[in-house]
Structures are given as C-alpha cells and as structure tokens.
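The paragraphs below go through one protein structure, moving between its surface and its interior. Please keep the sequence and the model in view while reading.

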Amino acid sequence: MIDAISNTVTLRFLAEPSDVNFGGKVHGGAVMKWIDQAGYACAANWSGQYCVTVYVGGIRFFKPISIGDMVEITATVIYTGTSSMHIAINVQAGNPRRQDRIKTTHCVMVFAAVDDHGKTVPVPKWIPETPAAIEMENYAKKLMALRQNIEDEMKPYM
C-alpha cells in the first residue's frame with residue numbers, strides 16, 4: 001500500500017517457513033531484507049527516482065517473529081536533504097487471525113536518489129506538518145549528528 005499524502009509505504013505478508021532460522025523464528029537477515037525493500041519502495045515513491053541505500057543504522061530487534069505471523073513493515077520519510085531521504089522503518093507482527101500487532105524491529109535508513117548514470121539527483125523537500133512529524137524530523141537530525149560523531153571517531157582507523 002502506498003500513501004503519497006503521508007509519504008508512507010506499508011508492506012504486509014505472512015512469514016513463511018523458508019524465513020526460519022536455527023532457533024525456529026524468522027531469521028534476522030530476512031527481516032533486514034524486508035526492511036530494505038520497504039525503505040526502497042518508500043524512497044522511490046517519494047523521489048520518483050531509482051534510489052540506493054546509503055546507510056542503515058540502529059537496527060533494533062525487540063521481539064522475534066514467528067512463522068505464520070502477519071508481518072507489517074511501515075516505511076516513512078522523516079527528513080529530506082538535497083538528494084537524500086531518511087526513512088523510519090517499523091516492523092510489527094502478530095497472529096493473522098487477530099488485529100493486534102507487536103512492534104518487533106525499528107531502524108532508520110538513508111537513501112539517495114540517483115539518475116541512470118549513478119549521479120545523485122534532487123528530491124522533493126519533505127515538510128513536517130504535525131507535532132509527531134516534527135518530532136520524527138528532529139529524531140533524524142539527531143541521528144545525523146550521532147553518525148557524524150561516529151565517523152569522526154573512526155577516521156584514524158579507516
């Protein structure tokens with residue numbers, strides 16, 4: 001489902017037996033693949049361009065996902081730069097026979113819009129219009145500052 005008004009993409013599907021890990025739950029790698037797919041769909045929809053993943057940060061797995069669970073991945077633009085988009089990703093899952101879902105995973109991804117030659121291109125500016133959207137934009141800005149601090153600390157080792 002794509003909702004251009006709220007700059008959000010939601011993917012829903014059932015977790016399949018092929019997604020299982022050795023512990024009998026959905027493999028973290030499968031969840032990360034789904035996160036990347038939802039993030040890409042959101043970024044491409046927002047920008048109208050092909051997009052590449054620039055950064056995935058702070059993936060936090062709160063709860064396991066069971067085989068047969070209804071999985072819902074929501075990707076929302078929370079900040080835009082000149083050619084980049086910060087996308088908040090939330091994963092929820094639960095029994096498909098019930099409506100309640102439990103938050104299982106969260107992260108923020110950064111995508112860049114690129115042309116056919118791989119050069120970055122401008123994206124439409126996202127402007128937060130609600131208190132919750134302003135809070136999410138501030139969250140993205142704080143994460144940008146933290147990433148910069150980490151990069152500065154790592155420079156001698158790169």
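What follows is a walk through a predicted model, taking a surface patch, a pocket, some salt bridges and a few single residues in turn.

The walk starts on the surface. Tyr40, Tyr50, Val52, Val54 and Tyr55 together make a nonpolar surface patch of about 440 Å². The largest contribution to this patch comes from strand 3, which spans residues 50–61 and supplies four residues. Valine 54 is one of the patch residues, and its place is in strand 3. Its relative accessibility is 52%, so valine 54 counts as exposed, the cut-off for that class being over 50%.

Tyr55 leads on to the next feature. Besides belonging to the patch, Tyr55 is in the lining of the second largest pocket. That pocket has a volume of about 170 Å³. Three elements each give two or more residues to its lining: strand 3, strand 6 (102–114) and helix 2. Alongside Tyr55, the lining is made up of Gly57, Gly58, His106, Cys107, Val108, Tyr139, Leu143, Leu146, Arg147 and Ile150. Which element gives the most to this lining? Helix 2 does, with five residues. By residue class, the lining of the second largest pocket holds seven nonpolar residues, three polar ones and one charged one. Arg147 is in the lining and is of a type that counts as charged.

Cysteine 107, another of the lining residues, belongs to strand 6. Is cysteine 107 buried or exposed? Its relative accessibility is 1%, so cysteine 107 counts as buried; the limit for that class is under 20%. Cysteine 107 and isoleucine 87 are 20 residues apart along the chain, and 8.5 Å separates their C-alpha atoms.

A second interior position is isoleucine 73, found in strand 4 (residues 70–80). With a relative accessible area of 0%, isoleucine 73 is buried. Its C-alpha atom is separated by 5.8 Å from that of asparagine 90, a residue 17 positions away along the chain.

Helix 2, already met in the pocket lining, covers residues 131–154. Asparagine 138 lies in this helix and counts as partly exposed, because its relative accessibility is 36%. Asparagine 138 and threonine 120 are 18 residues apart along the chain, and their C-alpha atoms are separated by 24 Å.

Glutamate 137 and lysine 141 are also in helix 2. These two residues form a salt bridge in which the closest N and O atoms are 3.9 Å apart, while the cut-off for such a contact is within 4 Å. Why are the two separated by about one helical turn? The reason is that glutamate 137 and lysine 141 are four residues apart in helix 2. The partners fall into separate accessibility classes: glutamate 137 counts as buried at 11% relative accessibility, whereas lysine 141 is partly exposed with a relative accessible area of 39%.

How many salt bridges does a search of the whole structure find? The search finds four, the pair in helix 2 being one of them. Another joins lysine 155 to aspartate 152, with 3.6 Å between the closest N and O atoms. Here lysine 155 is exposed, with a relative accessible area of 53%, and aspartate 152 counts as partly exposed at 36% relative accessibility.

A further salt bridge is formed by the side chains of arginine 98 and aspartate 100, at 3.6 Å from N to O. Arginine 98 has a relative accessible area of 47% and is therefore partly exposed. Aspartate 100 is partly exposed as well, with a relative accessible area of 47%.

Notes: Residues are numbered from 1 along each chain as its sequence is written. This is a predicted model: local features need pLDDT of at least 70, side-chain atom pairs count only at pLDDT 80 or more; totals for chains, interfaces and linings use all residues. Side-chain values use heavy atoms; hydrogens and water are left out. Buried means under 20% relative accessible area, exposed over 50%, partly exposed in between (1.4 Å probe, protein chains only). Patches are made of residues with over 30% relative accessible area and no salt bridge: like charges are joined within 9 Å, nonpolar side chains (Val, Leu, Ile, Met, Phe, Trp, Tyr) within 5 Å. Accessible areas come from the Shrake-Rupley method with a 1.4 Å probe; for residues, only the protein chains shown count as cover. On a 1 Å grid over the protein atoms alone, a cavity is a set of points where a 1.4 Å probe fits but cannot get out, and a pocket is an open set with protein on both sides within 12 Å along at least five of seven lines; lining residues have an atom within 4 Å of a point. Grid points are joined across faces, edges and corners, and a volume is the space filled by probe spheres set on the points.
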